[in-house]
Structure formats: C-alpha cells, structure tokens
Amino acid sequence: MTASDPITAAAGDLAPAASGAITLRDVTVTYPGGTRALRGVSLSIAPGEMVSVVGLSGSGKSTLIRTINALVPITSGRLLVGEQDVSRLSGRSLRELRGRIGMIFQGFNLAERTSVLSNVLVGRFAHSPAWRSLLGLPSAQDKQIAIEALDSVGILDRAWSRAGALSGGQKQRVAIARALSQQPSVMLADEPVASLDPPTAHSVMQDLLRINEERGLTVLVNLHLMDLARQYTTRMIGLRDGEMVFDGPAADATDQDFEAIYGRPIQGRDVLGSAP
Amino acid sequence: MSTHAQASATLPRRPTHRVRTALILAALIAFSVATCLPAIGGVEIDLESITRNWRNGASKLQQLAQPNLAFLPRTLGPMLETLAMAVVGAVTAALVSIPVTLWAARPSNPHTVTRQLVRFVVNIVRSVPDLVYATILVAMIGVGTLPGVVTLILFDIGVVIKLVSEAIDSTDHPYLEAGRAAGGTQLQINRRTVLPQSWPLLTNQWLYSLELNVRISAILGIVGAGGIGRLLDERRAFYAYEDVSLIILEILIVVVLIELLSTTLRKRLR
Ligand SMILES: Nc1ncnc2c1ncn2[C@@H]1O[C@H](COP(=O)(O)OP(=O)(O)OP(=O)(O)O)[C@@H](O)[C@H]1O
Ligand SMILES: [Mg+2]
C-alpha cells in the first residue's frame with residue numbers, strides 16, 4: 001500500500017473542496033409508527049474527527065447515522081453538513097450531497113452477482129453523467145478512481161471476482177472502496193465490523209482509521225463494543241433511548257461511563273478483545 | 001444450560017388435524033358431485049356416449065396409430081414456421097419485459113402510482129386466454145403468422161412480467177440502500193445493480209416462455225394463426241388421420257427437444 005493518497009491524487013482539482021463538518025441542533029426523529037428514535041440531539045463535529053457512536057440496541061445509533069445523508073429525514077431541528085442544510089435538499093442537490101458522503105454497512109450491501117469493480121463504480125453514480133452508468137461505459141477517470149480505491153484497501157487483484165464469492169472481510173473492503181471512490185469528505189459506518197470475526201474486525205477498523213488519518217475524512221462510526229471505540233476513535237458519543245448522554249474523548253471513557261450509557265453493568269459481550 | 005444426558009426429554013405430541021382434513025375432503029367430494037349434476041346446472045357427463053361411439057373411435061385410433069411418414073416433407077415448412085413464431089415471440093417479449101418488469105417491482109420502482117398502473121395493465125393482458133387473443137387478432141389482421149406472433153408476445157409478457165416482478169419483490173436488495181447513499185438515481189441503481197442481480201430470474205422465465213410458445217403456437221394455427229396447427233386443422237378436416245397422427249408425433253418430439261434444451265440451459269443458470 002502506498003503512503004501517498006492515490007485517490008485524491010488522481011482526482012486532482014476535481015476533489016470536492018467541501019468541508020466535512022457536521023452540526024446537529026436539537027434534532028428529533030420520529031418514525032411513522034410513532035417511535036421517537038432521536039430526542040433533541042445537539043452536536044457539532046469538526047472536519048477530520050474520528051467519532052464513535054455507542055449505545056444499546058435500539059438506542060438510535062443507526063438513526064443518527066442515517067439522518068446525516070438523509071436516508072432518514074429529521075422530524076425537527078437543524079442538520080448541517082458543511083454549509084448545507086440537509087433537510088432543505090431534494091432531488092439533484094440531495095444526490096450531490098450524498099455523493100460526497102460515503103457509507104458502509106454491517107451487511108456490506110453489495111450487489112453480489114456483479115463484479116467487485118462494478119460494485120465500486122456505484123460510488124461514482126453522483127459524479128458522472130447518468131448515460132455512462134446506463135450504457136455501462138464508465139469514463140477512464142472513473143475507472144481509475146475505482147481501481148485506486150480497490151488498491152488502497154488491498155484487494156485490487158479481486159477486481160473481476162463476483163462480489164458474492166468473497167469472504168466477509170473482503171466484502172467489507174469492497175464496500176469501503178465503493179465509499180472511497182465517491183471521494184467523500186465524510187464517511188459514515190453503521191456497525192461496520194459487527195458481522196466479522198475479531199482479527200478481521202480489527203483490520204477493518206484499522207482501514208477506517210487510516211482513511212481518517214491519511215485523507216482527513218470525518219468518520220462517524222457506530223460501534224457496540226467498548227474496546228473498539230476506545231482504541232480506534234478519538235471522540236465518543238453515547239446514546240440512550242434516543243438521547244445523547246455522553247460526549248467526550250473516547251480514550252478517557254471509563255467503565256462507569258459505559259455503564260451509564262448502557263444503563264446496566266458491563267458484560268463480556270461488550271468487548272471484542274484480541275487486539276492485534 | 002441443560003445436560004443432554006437427561007432421559008426425561010420427550011417430544012411434544014405432534015398436532016393432528018384429522019377432523020379438519022375429513023371436513024375438507026367431504027366438502028371437496030360434495031362439490032365435485034354437485035358440479036356433475038345437470039339438474040342443478042352442473043356439467044353433463046354422459047358416460048354412455050363413450051360406449052356408443054366406441055366403434056367409431058376405435059377405427060380413428062387405428063388410423064392414428066399409423067402415422068403417414070410420406071407426409072413428412074409437407075410438414076417441415078409449417079413446423080419451421082411454428083418454431084420461428086415461438087422464437088420471435090419469446091425474444092420480442094423478453095426485450096419488452098426488461099424495463100416493464102423493473103417498473104412493476106417495488107424495489108426498482110418505489111413510485112406507488114406508476115407501479116400499480118403497470119401491474120394493473122399487465123394483469124389485464126394476462127387474464128385474456130391466448131386462444132381469445134388469436135381469434136380476435138386473426139379477425140383483425142387476417143390469417144397468418146402475424147396474429148400468432150402477437151398472441152405469443154402478449155401471452156409471454158404477461159407471464160414474465162408478473163412472475164419476475166413478484167420474485168424481485170420477495171427478495172432482499174441491500175445494495176439499493178448503498179446505491180441511494182452514494183447519490184445514485186433510481187435508473188442508475190436499477191441498471192447497474194437490480195438488473196444484473198435479476199438476470200437469472202429473467203433468463204429462467206424467458207426460456208420457460210419459449211418452451212410454452214412452441215406448445216401454444218402448435219395449437220394457435222387451429223384458429224388461423226399460422227404454423228403447424230393450421231396444417232393439422234386442414235388434415236383433420238379431410239379426415240386424414242394418418243397425417244394428423246404424424247403431425248402430433250412431430251409436435252411431441254419438438255416440444256420434448258425444446259424442453260430438454262431449456263431445462264439444461266436453466267440448470268446452468270442456477
Ligand atoms: N424504519 C423504521 N420504522 C420505524 N421504527 C424504526 C425504524 N428504524 C428504527 N426504528 C426504531 O427506532 C429506534 C432506534 O432504532 P435504531 O435502528 O436507530 O437503533 P440502533 O441503536 O441502531 O440499534 P441496533 O444496535 O439494534 O442496530 C428503535 O426503537 C427502532 O425500533
Ligand atoms: Mg443499528
């Protein structure tokens with residue numbers, strides 16, 4: 001893996017100058033069924049921060065992450081990404097915003113019957129004219145960006161494999177490459193390692209950390225394991241029943257802090273262990 | 001934690017539904033009997049006519065058992081016509097079915113109004129029997145292969161679109177969320193992810209419709225829609241049962257061959 005940043009290098013002056021700052025002011029999300037998933041969350045994340053979101057199942061972690069690229073609309077409050085008011089966007093402007101927010105998922109969310117390369121090219125949707133994707137003719141530049149994204153996560157040699165034929169760790173790397181090929185300024189990750197075994201989980205977390213450090217991306221990652229949050233992120237946000245109950249440096253978060261977030265004593269399944 | 005050494009574990013008694021099964025059976029039998037009673041408007045099943053016409057039927061069967069092989073050369077042209085109708089119909093329907101299927105499935109078309117509209121039209125197209133299409137089309141555009149091909153296309157798109165769009169509806173598509181999160185339009189997402197994921201469903205159904213087309217188009221000729229069926233109808237009108245027999249035999253062989261081919265291909269796809 002090269003020390004330089006091949007993807008932004010290839011993009012040259014095309015890389016979006018947009019900032020990765022995220023601001024939430026009194027954000028509330030109520031689902032159609034009536035569930036209040038977020039209650040008055042206010043928070044401000046500076047560009048380049050590596051932030052974890054922890055909390056019990058159902059505490060609103062996924063909801064918080066999904067409001068940022070408007071996969072879940074906010075019910076009230078204000079949400080800014082860079083200078084843009086996310087809830088005001090729709091159609092083309094919303095797709096453009098999403099184009100510079102990468103996202104990775106617990107279940108990888110790949111089109112498993114297509115090749116690794118065409119999965120990564122999904123990351124170029126918002127950045128290239130639609131006719132190119134409709135005809136299946138990515139521009140040389142889009143292809144180069146995808147190739148370098150694959151190279152930076154170390155699976156360029158699998159570019160022509162069927163995505164479904166890869167292992168879990170490899171699939172998550174393809175998903176990271178897909179997000180990277182968007183040349184994003186923000187990276188969202190919803191439980192990215194929850195489906196992986198401990199060593200693979202650590203190496204995927206290291207990939208995320210490297211992306212944060214090398215490219216200066218703002219990273220917001222949902223985790224339910226205390227030690228991963230402490231080890232890989234600098235700032236931790238704790239959610240409990242949709243309310244923000246913790247916001248501070250992740251490394252300093254004590255077991256008591258976690259017990260307060262979880263509302264119960266620490267258990268064995270709250271840590272992954274086997275740090276590399 | 002329970003130790004599996006405990007011998008006291010017993011399987012709960014398997015639930016039985018004897019009474020329910022018996023009631024359902026009784027209802028089915030009663031219904032079947034009722035439909036055969038002319039007194040209450042059921043279909044008349046006259047078993048006596050079988051014995052009455054037996055002598056007549058036996059001689060026909062005898063003729064049918066001796067296919068006239070000398071007639072073979074005259075059947076080849078119409079048989080090729082039937083095959084051509086089947087292929088042209090299946091291919092045209094396949095092309096039409098690609099966009100319309102994606103239009104009719106929820107994951108590829110979240111817009112409820114257009115989706116329901118497409119489904120409504122497809123359901124109407126599907127509910128008309130193929131022989132009705134053929135008869136009407138022959139009346140409209142005249143005797144020949146064209147009404148046959150159009151009938152096959154209508155029949156095929158009904159089947160393919162309905163079955164494949166429902167199959168797409170009932171599977172998970174996690175990559176949709178990823179495409180949306182990356183800022184893709186629904187069209188981009190459909191073209192680059194939903195469509196490649198659905199190829200096996202589509203090709204499977206296309207091959208099956210080709211298989212059905214060969215069978216159907218053999219019959220369509222009877223109402224004047226071209227192909228081998230028209231020859232069959234003509235020979236039957238002349239009471240040339242040896243020729244009819246040869247044609248039936250030929251249809252049988254072709255249908256079996258096409259089925260074999262399509263089954264092998266479909267197995268490969270899986
Ligand atoms: N699409 C939805 N419609 C209705 N309610 C929802 C929806 N998604 C989530 N919820 C509800 O909102 C609350 C928060 O859910 P969310 O998925 O954000 O929790 P989470 O912290 O990510 O949990 P987990 O760790 O299990 O993924 C839960 O009560 C959940 O049932
Ligand atoms: Mg979640």
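This dialogue walks through some features of a predicted model and how to read them.

Visitor: Where should I begin with chain A, and how many helices and strands does chain A hold?

Guide: A count of secondary structure elements is a reasonable starting point, and for chain A that count is 10 helices and 10 strands. The overall dimensions come next: chain A has a radius of gyration of 18 Å, close to the 19 Å given by the globule rule for 276 residues, so chain A is as compact as a globular protein of that length. Taken along its principal axes, the C-alpha trace of chain A spans about 50 × 45 × 35 Å.

Visitor: What share of the residues of chain A count as buried, and what share of the contacts link residues 24 or more positions apart?

Guide: Burial is read from relative accessible area, with under 20% as the cut-off, and 55% of the 276 residues of chain A count as buried. As for contacts, among those in chain A with a separation of 6 or more, 72% are made by residues 24 or more positions apart.

Visitor: How is the surface of chain A to be described, and what part of it belongs to carbon and sulfur atoms?

Guide: The accessible surface of chain A comes to about 11,100 Å², and carbon and sulfur atoms account for 51% of that area. Charge can be read alongside it: chain A has 27 positive and 27 negative charges, and the mean positions of these two sets lie 8 Å apart.

Visitor: Turning to a single residue, is Asp142(A) buried or exposed?

Guide: Asp142(A), which is found in helix 6 (residues 140-152) of chain A, counts as buried because its relative accessibility is 4%, where the cut-off is under 20%. Once its neighbours within four places in sequence are left aside, Asp142(A) is in contact with Leu121(A), Arg124(A) and Ser128(A).

Visitor: Into which domains is chain B divided?

Guide: Chain B is divided into domain 1, covering 12-64, and domain 2, covering 69-269, and the centres of these two domains of chain B, taken over C-alpha atoms, are separated by 33 Å.

Visitor: Which helix holds Gln186(B), and which residues does Gln186(B) touch?

Guide: Gln186(B) is found in helix 9 (residues 186-220) of chain B, and with 23% relative accessibility it counts as partly exposed. Not counting residues up to four places away in sequence, Gln186(B) touches Pro107(B), Ser108(B), Pro110(B) and Leu176(B). Gly142(B) lies 44 residues from Gln186(B) along the chain, and 43 Å separate the C-alpha atoms of these two residues.

Technical notes. Residues numbered from 1 in each chain as written. Chains lettered and ligands numbered in written order. Predicted model: local features only at pLDDT ≥ 70, side-chain atom pairs only at ≥ 80, totals over all residues. Heavy atoms only, no water. Helix = DSSP H or I, 4+ residues; strand = E, 2+ residues; numbered from the N terminus. Rg over C-alpha atoms; globule rule 2.2 N^0.38 Å. Buried < 20%, exposed > 50% of the residue type's maximum accessible area, 1.4 Å probe, protein only. Contact = heavy atoms within 4.5 Å. Areas by Shrake-Rupley, 256 points an atom, 1.4 Å probe, with all protein chains shown as cover. Lys, Arg positive; Asp, Glu negative; His and termini not counted. Charge placed at Lys NZ, Arg CZ, Asp CG, Glu CD. Domains from an automatic or database assignment.
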